[in-house]
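Me: I'd like to learn how to read a structure like this one, feature by feature. Could you walk me through it?

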Amino acid sequence: MSMSNVASSWKRVKAPWSFKLTRTIFLITMGLLIPVGAWADDVSDAPQPIEFPHNRHASKFKINCMYCHTYARRSKVAGIPPVAKCIGCHEHIPSVRNKPRIKKLFSYWEQKKPIPWLKVHDMPDFVYFTHKRHIQRFIFKDGRPTQQVCGMCHGDVKTFTVGKKVRAMTMGWCLSCHKQFEEGSGSDIGKPAPAERWMIPVAATDKPLMKVDHPQPAVLNPERPETMKLSQIKKLSERLPAKVKEHLVHAPHDCWQCHI
Amino acid sequence: MSQNKSSNDWSRRNFLKAMGLGGAGSALVLSGCGDTDIINAVDIEVRKEKVEPQVDPQDFVRPGIEMYYASTCRQCPAGCGIHARIRQGRVLKLEGNPASPVNAGRLCPMGQAGLQGHYNPDRLTKPMLRKGGKLVEVSWDEAMDALIKRMGKKKSSRIAWLNGAVSGHQRALIESYLAAAGSTGNLFVFDTLPPAVGHAVNESMLGHAMPKFNFERARLIMSFGADFLGTWMSPVHFAREYARFRDAPRGTLIQIESKMTLTGANADRWIAVRPGSEQMLAMALGSIIVNELETLPEISNPLVQVLADVDMTEATRITGVDSRTMHKLARLLIRHSPSLILSGASAEGNENGYQTATAVHVLNYILGNVGKTIEPRAKDVFPQLTPRMGGWKELSNFTDGVKSGRFDTVVTYGTNPVYQAPDFMKMDAVFKKTPYHVAFAQFPDETSLMADIVIPVHSYLEEWGTDMPAYAAEDGQLSLQQPVMNPVFGDAGTRSFGEVLLGLLKRLDKKYKRWNSHSDYIREAMWNMRDAIVNAPKPELPGQTKEDAYWQGILSQGLVRIKVAKAKSIKVHLPDTIKSPPVIKEDATYPYHMIPSARLGLWDGRHANLPWLQELPDQLAEVVWDSWVEIHPKTAEKLDVETGDLVKVTSSQGSLEVKVLVFPGIHPEVVAIPMGQGHTEYGRYAKGRGVNPYKILAPKFDKETGELASHGTRVSVTKIADRGPIVTLAHGDLVLESNTSIQAGREIVKTVTAKQFNRTEEEA
Amino acid sequence: MDTHTMKDIEWAKINKDVLNSLEKPRKTFWVVIGVCALLVLCGAAAEAYQYQEGLGVALMNRPHFWQLYISNFVFWIGMSHSGTLLSAILLLTKADWRKPIYRFAEAMTLFSILTAAIFPVIHLGRVWDMYWVLPYPNQRTIWPNFRSPLLWDAAAITTYATSSALFLYIGMIPDLAICRDNAKGWRKKLYTTLSLGWMGRAREWMAFRKTYVLLACFLVPLAVSVHSIVASDFAMSIMPDWHITSFPPYFVAGALYSGCAAIITLFVMLRYIFKFEAYMTTEILDKTAKLTFAIAMVWNYLNLTEYASIWYSNDMFEKEVLLEKFFGPYALVVWVMLFCATVAPFAMAFEKFRHNMWAMFWLSLVIQLGMWLERFQIVSPPLASNHEPWTWNVVWPGAVQLTLTLASFGWFTMLFLTFCKVFPSVSMYEVKEMVFHRRKASSRSEMDDLQKIKEDMIKTEEGLA
Amino acid sequence: MALKRMLENWSRLRQRDYYENEPYMWGMSIDLNKCIGCGACVTACYAENNLPVVGKDHCSRGHSMHWMRIERYWGEPHGDADIDIKESEYPERGAHYIPMMCQQCNHAPCEPVCPVAATYHSPDGLNTQVYNRCVGSRYCGNNCPYKVRYFNYFSFWKNLPHPLEMQLNPDLSVRDKGIMEKCTFCVQRIRDAKDKANDEGHPHSVKDGSFMTACQQSCPTEAIAFGNLKDADSKVAKLWEEHQVELNRHEQDKAEDIRGYRVLEELNVEPCVMYLDRVRDTQA
């Protein structure tokens, strides 16, 4: 037979299906790599009952994060401030009293209703995360500035109004950090085998999420109610003027919160 | 509401207190008021949660950090102290209160399951009135009006009050209500399991219904059917005593009964005896001992005569225990002195129950146990607070009263006679007959649903109160009961029993007007007791009044100890004779004895609506969620039945259809049906499940006390051509029959002898 | 048995017969397909139900965590080994009688793997997370557990599936070319694509032969390893009566055994459905039967070894299980299994039996039943009487499991029949080779005959003289 | 003897202990002389660990989810009548009770077989089960000699009527269908204890007795002891020592009447739960 036949016979050989197949497989694998689920519960754009301006409080007035999220350093949860706390300050700031948001706030207070915030960072039930350990480690032990530390997970909050979810809080992301800060911390995670056996070294030694300065001397001692001496409390409470005492019943009850 | 009020004004000190306590590292224990709003909508389905911070929380409430409140368990009359674990206003777990001498930080299954009574989906949440023959839900106002119309005015002894075992200020309150309503003495207490006969005998012979039993000192315990590890008065406490008793040098436990109980399962020797012949056995042992003992304590001749006259061959015939064993037991009793001999349900639940218990104490006396292992009680300082445990006698008194038309209003609370009482007592008829029936109830139980008005009350985890244990581990113990969280169903749902009753009292007696809430009443009552209390808490924080310090202190302990005078030694009043035991004759129509066996778990049936306890297997049969009849292999062979077959158990009063469980730990002439099931009401978990053996009990009563002889019923067993599975957690008939008889060769449970044990323990 | 059958078939006839089998299916064909499709649908429904409710509906429990799904898995994997055996091993041993039958045997291999692969999936508690078993880079930054036999399974199955598919495909290329040249319409397109422009020139043939043999060499050890790995699912555990050293060879033997039986079944069926009497002769059946018989003996030997080793090891737990197997609640299963797989095959010792198509057909079915039961009694009884007497109990598979089991047979048959209608189920070119060789051989012998006659004639003449 | 030693040493040599320098190895000791089989531990476990109540039908199908169970046997292991009471028609020495929960083996057979590594050994000797990683192959369940792994055959939490769900413990997840679960030695309590220790400034030494497992806390006879085996003066370590049970031996050589033993020890799974023999007075 002649060359032409051969050629034509070869021309007849086309296998588009194979290319299609390869492409699909490729796409699926790529898809698996992207943690879609991590954003499934994102409510960053959902309307909050009050559009709370983080930027004012955290940036303009430089209020420490833990003034409001007061449980962060001693509980698993950071805690959304009770209405009483907002009022505690705002009833002393008549200037903004008539702003719509503040009005709304006070309406909640008057009818003793909790504010139905939407949860921005909602870890699945099977995740155990404790703010306490992280705060204790980075703020009190390493003495880093609070906003920097909170920012590791929550982003640059002082630029937000309402809370936003800035990181896909996935397992790999947690691990990357834990690898980095493991030394000396009491955390089990990142300890040698077996967990390690299944970790991908590349991801584990991911490049730092933020620059780690050498620990500066802590700004002040980690103060915990458990360790606070009875006598100290006594002194403190006695020294306070009667008016403040009254006020204190509803106001933040740690000296630390006002003396940061 | 008042509780909030009473808490807010000392909330600041609470916070200081909290810190103080926290510093001490002890559990943070405080009044559960005010701070226990439910924060997060607990929704395990929805991923997207709301977070609703409290508006104005107590300072010591911290999200994600648990707190513990001390209170008292009311699942059975034992009155164990509990610590309730609270997170964000929800009670999550109950633990024992380490400070409580009853349970020292331990808790039994029933105590654990208290949570499910508290959160039970079938709780009554709306008051109900009987309109046109049937109960309809009504508003609280309407209900309260009806209640006040009925109970709010004086009636000369026209009100009858039927209550479960009751103590502490609840009892005081009820009694003072009855007094105010001019019906003094109309409080009838009915409870199935507290050993009324035993109490009567103790009362008459030892001068106190419940002397102290010192297990630790006893070297041998011989128990005639007293299931002290399971259902005998104070399970947790006796279990702890038992544990000490078992330390080296290890005491020996001998259990004598016709159906193996949990205690029997842990005995060194379990002896099957024919029901009703326990007295005979006790007396036989007595006579052997009298003959063998060198030095007898002084004892009246007739009694000696009675013991001497016991015909051993007769005894062997009646009891079914051969004389070799009897002599062995007698010798053991003599050798292991001091010993302790107890009598319990199966021994006292017969027509000669009183005599049996008497014979048992005579043994104790002869062996010189009284004063050594049976210790005296101090005089009660507050008799009005001591526990009242009734029995069948009081129930029948009550029914007689109703029948005679003495009462125009009947109040029931914390008891369920319509379910408990045998058919022959016709309880439903009785309650139909009552002109007006008020029921304070937490669940839709058989009795409450017959009422004309049903008042849904708080669970014991939402209620204030005080409580005295049925069996006091220490004299003069008074436990406190406080709300550990706000009412699950809110104030619109259930109401505090104390609150309601106090309200009624106020209308009858103006001196109760002083207290604007039940908690205030309790609080002041406790405050008034302060001088009678062993080291009452003193102020330790700035700006804390004496009263607050005291209140805070006792609440965080969960109990107080009342100063008591030292107990005088026991004076034994021996009866000059014991009636000779009745001859147990064969019964052609009803050849078998039926035992309604109680168990730690469903108790007398009041816990049948708690899923955890339904799914907790019976400690011996391992069956869950069901009723069954236990039959000895030999008998089963005779009847040609096997595990799972359906049989008809018939007594003179009626019959039950129930599945067979072939069970080795039972006398061949006995069949046993567990108590607790067979509810016709009582919520989704209990309703229409299994059978209730009490229903077919025959009208036999203890001669002296008139208590129902619950173990005296004779039945016949006939096979029905049908079978079904018997469900065990171990699962499958394989387990029930073959491979648990032996451990299939695996050394799952190994055993050593007590001798080896004592030696090795002493070496260590 | 003379080797001179099939020597005078016309090559054209071969093409015609085989290509006919691809055209206009008979009614029976549609009926069978229909039934199978129905079964598959039922299976799908059952799986949907189980997916929705949870695995409990399959009536597995504690301690019966595994049941039919796993035994079916083992069964189908076993089934798949015959194809490889016939085509690869017999190819390397140059047994020419394989030629008319290896094609459908290979097809069988492929489809039984596809069937087997379904079971580990539906048996998972959380099917939707199935892909976690595969080692792929993910945001969790963790690997699966490479120590787990289940992971090896995943690897083994995929490898085996791909390579046997490849083997089947490459072996078909020349035939596809033939089809291409005789087909029209969509078939034309299909065959054109698949035959990769096969021209049948010497160079192509040489390349083809090399590849084919190489693949065969690769496939033989692979097949062995695959079923050894499946065996290790059990052998690697500590369950009494699973933890047995001789399991890998035992499983491989069992696999070949049931596989051969399956071949016989399909052999007879195809012969009937497609009228392949000319090619699927009694001679070939006879050879297959002999092979089956041999393997049966090997399997039996290993089976007995297992019993013996347990018995003499005198291990409490294993002995318990063994006794339970023979006299316990599973006794019936075990004894039936032993009859079907140990006693029945001895019928093949008799030539008359071997030559009776229908007798062999039924026997093969019996053997397969036996081997299926064998898989069941490997999985269940040890769980029923495990280390912990408290948990002992017997559970029989529920409706859902049985439905899915039937569905798997439907699924397999459906795939297989479809294949037979789309691709030549008998290898044309190899049959031609065979015919060619045999004709050469026989013509030689005819010469010898003539020589004899001549001599006789001479003798007689001398006698007359 | 000597040979056994040699072999053991050899196997010691061959396996390396990843967690040699870890501060914790949680272990338990259960005294069958004290255990009365009342089931307090079982219920406590239900309350603490969000165990579902499955109901009668599921129980009958063997789908029950009790992490801790109490096994009741009627006779001695080797089938002879219970110590020296011969041919009696009753179990005259009572029943044989044993609480059985996950034994937290150090050579856990369940760990290597899990395809997705959902179960692995934690640095403090716990045999952990990562619920969310589990795909439900149930291989671990088969391979567990004690059969103490429990599989969620259904979404049991769905039949939890309001307000019962308010009791659920927020420290643990509620498991959905298709997941294997088992006793965790109350890992959430361990975690909290560590957390406290960390606050008090001694992160690597949780004080003995500073926390209890739910079963231990409820046990009326205090038959259960729990603690850190690596801390030589912890109660449980002392008990192991006193009863001559060594963690990494598969056959303890000691006198018969020393009571310490571990169930199915001969499988060499190195359980972390030691039992003390049941005791009966044969004089009675």
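Reply: Sure. Let's start with a cut-off: a residue is called buried when its relative accessible area is under 20%, exposed when it is over 50%, and partly exposed in between. Keep in mind that this is a predicted model.

Me: Let's try that out. Is B:Arg246 buried or exposed?

Reply: B:Arg246 has a relative accessible area of 0%, so it is buried. Its side chain meets that of B:Asp268 in a salt bridge, 2.6 Å from N to O. B:Asp268 sits in the loop between helix H9 (262–265) and strand E12 (269–272) of chain B, and B:Arg246 belongs to helix H8 (residues 235–246) of chain B, so the pair ties together parts that are 22 residues apart in sequence. B:Asp268 is also at 0% relative accessibility, so it counts as buried.

Me: What else can I look at in H8 of chain B?

Reply: Try B:His237, which has its place in that helix. With 5% relative accessibility it counts as buried. Setting aside neighbours within four places in sequence, B:His237 is in contact with B:Pro101, B:Val102, B:Tyr471 and B:Ala473.

Me: Back to salt bridges. Where do B:Lys131 and B:Glu142 lie?

Reply: First, what counts: a Lys or Arg side-chain nitrogen within 4 Å of a carboxyl oxygen of Asp or Glu. The side chains of B:Lys131 and B:Glu142 meet at 2.7 Å, N to O. B:Lys131 is in strand E5 (residues 128–131) of chain B and B:Glu142 in helix H5 (residues 140–151) of chain B, so this pair ties together parts that are 11 residues apart in sequence. B:Lys131, at 40% relative accessibility, counts as partly exposed. B:Glu142 is partly exposed too, with a relative accessible area of 32%.

Me: Which residue of chain D does D:Lys194 meet in a salt bridge?

Reply: Its partner is D:Asp124, at 2.6 Å from N to O. This pair links distant parts of the chain, 70 residues apart: D:Lys194 is in helix H6 (residues 187–199) of chain D, while D:Asp124 is in the loop between strand E4 (119–121) and strand E5 (127–129) of chain D. Both D:Lys194 and D:Asp124 are buried. Salt bridges can also share partners, and in that way B:Asp640, B:Glu642, B:Asp645, B:Lys719 and B:Arg723 are joined into one network.

Me: How many salt bridges are there over all chains?

Reply: The count comes to 70. Nine of the salt bridges found by the rule run across the interface of chain D and chain B. One to look up there is B:Glu761 with D:Arg259, at 3.3 Å from N to O.

Me: While we're at that interface, how many residues of chain D are in contact with chain B?

Reply: 88 residues of chain D are in contact with 100 residues of chain B. Together the two chains bury about 8100 Å², with 59% of it on carbon and sulfur atoms.

Me: Now sheets. In what order do the strands of the barrel in chain B run?

Reply: Go round strand by strand and ask who pairs with whom. Six strands close into a barrel in the order E21-E25-E22-E24-E23-E26, with mixed pairing. On average, neighbouring strands of this sheet are turned by 45° against each other, direction ignored. E21 (residues 592–597) pairs with E25 (residues 670–674) in the parallel sense over five bridges, and B:Pro596 has B:Ile673 as its bridge partner in E25(B). On its other pairing, E21(B) meets E26 (residues 714–723) of chain B in the antiparallel sense over two bridges, where B:Tyr592 is partnered by B:Val715.

Me: And what about E25 itself?

Reply: E25(B) also pairs with strand E22 (residues 629–631) of chain B, antiparallel over two bridges, and B:Ile631 stands opposite B:Val671. Five of the five residues of E25(B) are buried, leaving it mostly covered. B:Val670, B:Ala672 and B:Pro674 point one way, B:Val671 and B:Ile673 the other way, and all are buried.

Me: Last one: how far apart are the end C-alpha atoms of helix H9 of chain C?

Reply: They are 39 Å apart; at 1.5 Å a residue, the 28 residues of H9(C) (residues 247–274) should span 40 Å, so the two agree. Of those 28 residues, 24 are buried, so the helix is largely enclosed by the rest of the structure. Just after H9(C) comes C:Lys275, with a positive phi near 55°.

Terms used:
Residues numbered from 1 in each chain as written. Chains lettered and ligands numbered in written order. Predicted model: local features only at pLDDT ≥ 70, side-chain atom pairs only at ≥ 80, totals over all residues. Heavy atoms only, no water. Pairing = 2+ DSSP bridges. Helix = DSSP H or I, 4+ residues; strand = E, 2+ residues; numbered from the N terminus. Axes fitted to C-alpha atoms, helices over the stretch in contact; angles between N-to-C directions. Expected span 1.5 Å × (residues − 1). Buried < 20%, exposed > 50% of the residue type's maximum accessible area, 1.4 Å probe, protein only. Contact = heavy atoms within 4.5 Å. Buried area = accessible area lost by both parts, 1.4 Å probe.
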